[in-house]
Amino acid sequence: GIGSALILAGRDWAARQRYNQVFFEVQAKNHPMIKMMEKLGITLCGYNDRYYPDQSIALFYSHSLR
């Protein structure tokens, strides 16, 4: 729904700006967002296990625009 539309709009905007890649940051406990990233074909590219102030894990996703 709305979340997918926002991600796709941001990706399309970045492509029009001629960026090569977009990155997304997601909390590891945000399971709906993780599923949406997978559904949209956005690839997990790394993590940081102390990224947030509460020391929770951040997952990083990337998508090539070229």
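Let's start with Tyr-51, which is partly exposed in this predicted model: its relative accessible area is 38%. Its ring has a partner in Phe-60, and the two form an edge-to-face aromatic pair, with 5.3 Å from centre to centre and 85 degrees between the planes. How buried or exposed is Phe-60? At 22% relative accessibility, Phe-60 counts as partly exposed, because the buried class is kept for values under 20%. Add Tyr-52 and you have one aromatic cluster, made up of Tyr-51, Tyr-52 and Phe-60.

The count of aromatic pairs comes to three. One of them is Trp-13 with Tyr-19: the ring centres sit 5.9 Å apart and the planes meet at 40 degrees, so this pair is tilted. Edge-to-face would need over 60 degrees, and stacked would need under 30. As for exposure, Trp-13 has 44% relative accessibility and counts as partly exposed. Tyr-19 is partly exposed too, with a relative accessible area of 43%.

Now for the sheet. Strands of a sheet pair through backbone hydrogen bonds, either parallel or antiparallel. Here, three strands make an open sheet in the order S1-S3-S2, and the pairing is antiparallel. Which strands are at the edges? They are S1, covering 21-27, and S2, covering 43-48, each of which pairs on one side only. On average, neighbouring strands in this sheet are turned by 25 degrees against each other, if you ignore direction.

Take a look at S2 and S3, where S3 spans residues 58-64: five bridges join these two strands in the antiparallel sense. If you want a spot to find on screen, go to Thr-43, which stands opposite Ser-62 in S3.

There's a helix to place as well. Helix H2, residues 31-39, lies across S1 and S3, and it runs at about 155 degrees to S1.

Let's finish on strand S3, which is where you'll find His-63. Is His-63 buried or exposed? Its relative accessibility is 19%, so His-63 counts as buried, since the cut-off is under 20%. And what is His-63 in contact with, leaving aside its neighbours within four places in sequence? The list runs to Arg-11, Asn-20, Gln-21, Val-22, Gly-41 and Ile-42. Of those residues, Gln-21 and Val-22 can be looked up in edge strand S1, which covers 21-27.

Methods
Residues numbered from 1 in each chain as written. Predicted model: local features only at pLDDT ≥ 70, side-chain atom pairs only at ≥ 80, totals over all residues. Heavy atoms only, no water. Pairing = 2+ DSSP bridges. Helix = DSSP H or I, 4+ residues; strand = E, 2+ residues; numbered from the N terminus. Axes fitted to C-alpha atoms, helices over the stretch in contact; angles between N-to-C directions. Contact = heavy atoms within 4.5 Å. Buried < 20%, exposed > 50% of the residue type's maximum accessible area, 1.4 Å probe, protein only. Phe/Tyr/Trp six-rings, centres within 6.5 Å; stacked < 30°, edge-to-face > 60°.
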